[in-house]
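Here are a few short exercises to work through with the model open in your viewer. Try each task before reading its solution.

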Amino acid sequence: FFKSISNKFTYALSSGRSEQDIGNWIASTAKINWLQFGSKMELPKIQYIIGAILMLPALLYVGRKLIDRLRRSMWIYAVVCVAVYSFVIGGGMFSSIRNSPWLHKDGSKIGYIAHQSRYQFGVETYIIGGLNFMAGIAAFVFIMSQRSDQAQIKSHKFFSLFRFIPTFLSLGGVLVGWYFIVWCYNFKNGHYNYGHVGMKG
């Protein structure tokens, strides 16, 4: 197999390299000087590991009824999933991996949203995630308010409350969230022109 590959392409195939060597090669090839390696993993002391192994099963057994109640609660799954979705859709993974600054400050000027389409600040994660969260919750409320006249919804202790929420409020929440998401995208990509690409006037 290696005979069919030119020598200049056998860097990572035929010889082992340390992570430092690979990092130096990446930094020199990409011409960057900000590449940082994470710290080495350090295990806790052996007595802590043994103590955790002995105590964890006991704690799980004592709290098995509470754990079972939490496991059956759909609200916990819903909150966790919505929180993870909002964080990821807002670019939280990008900010964490790139270790981007929380915001941009130039003298008295403060920027919360980056002008570049392939970059963002930390606070921008929560702005976009919050807008998506607001629009998503408003869409859910809008759908439930439209179904509030069904017998299954009327008989539910919680869902029956949706009939008191005016439809225009939830629909307005969707539109507000959508508009500001588009505004942020247009701020980062001026040529987008709110969807009127190439149009003037």
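**Exercise 1: Serine 170**

Serine 170 has a relative accessible area of 5%, so it counts as buried, the cut-off being under 20%. Keep in mind that this is a predicted model.

Task: find out where serine 170 sits and which residues it touches, leaving out those up to four places away in sequence.

Solution:
- Start with the secondary structure: serine 170 is part of helix α8, which covers residues 167-188.
- Next, list the neighbours: with residues up to four places away in sequence left out, serine 170 touches Ala138, Val141, Phe142 and Ser145.
- Finally, check the side chain's polar partner: a polar atom of the serine 170 side chain lies 3.0 Å from the backbone oxygen of threonine 167. That pair falls within the 3.5 Å cut-off for a polar contact.

**Exercise 2: Cysteines**

Task: decide whether cysteine 81 is buried or exposed, do likewise for cysteine 184, then give the disulfide count.

Solution:
- Cysteine 81 has a relative accessible area of 52%, so it is exposed, since the label needs over 50%.
- Cysteine 184 comes out at 5% relative accessibility and therefore counts as buried.
- For the count, apply the rule that two cysteine sulfur atoms must lie within 2.5 Å. The result is 0 disulfides.

**Exercise 3: A nonpolar patch**

Task: work out which helices each supply at least two residues of the nonpolar patch, and which one gives the most.

Solution:
- Pick out the members: Leu66, Leu70, Met74, Ile76, Tyr77, Val80, Val84, Val88, Met93 and Ile97, on the surface with about 970 Å² of accessible area together.
- Map them onto helices: α3 (64-71), α4 (74-89) and α5 (92-98) each supply at least two.
- Compare contributions: α4 gives the most, with 6 residues.
- Look at one member up close: tyrosine 77 lies in α4. Its relative accessibility is 41%, so tyrosine 77 counts as partly exposed.

**Exercise 4: The whole chain**

Task: describe the chain by its secondary structure, its burial and its contacts.

Solution:
- Count the elements: there are 8 helices and 2 strands, running α-α-α-α-α-β-β-α-α-α along the sequence.
- Turn to burial: 20% of the 201 residues are buried.
- Add the surface: about 16,300 Å² is exposed, and carbon and sulfur atoms supply 65% of it.
- Finish with contacts: of those between residues at least 6 apart in sequence, 45% join residues at least 24 apart.

Terms used
Residues numbered from 1 in each chain as written. Predicted model: local features only at pLDDT ≥ 70, side-chain atom pairs only at ≥ 80, totals over all residues. Heavy atoms only, no water. Buried < 20%, exposed > 50% of the residue type's maximum accessible area, 1.4 Å probe, protein only. Contact = heavy atoms within 4.5 Å. Areas by Shrake-Rupley, 256 points an atom, 1.4 Å probe, with all protein chains shown as cover. Polar contact = N/O pair within 3.5 Å; in protein donor to acceptor, adjacent residues only side chain to side chain. Patch = residues over 30% accessible without salt bridge, like charges linked within 9 Å, V, L, I, M, F, W, Y side chains within 5 Å. Salt bridge = Lys/Arg side-chain N within 4 Å of Asp/Glu carboxyl O.
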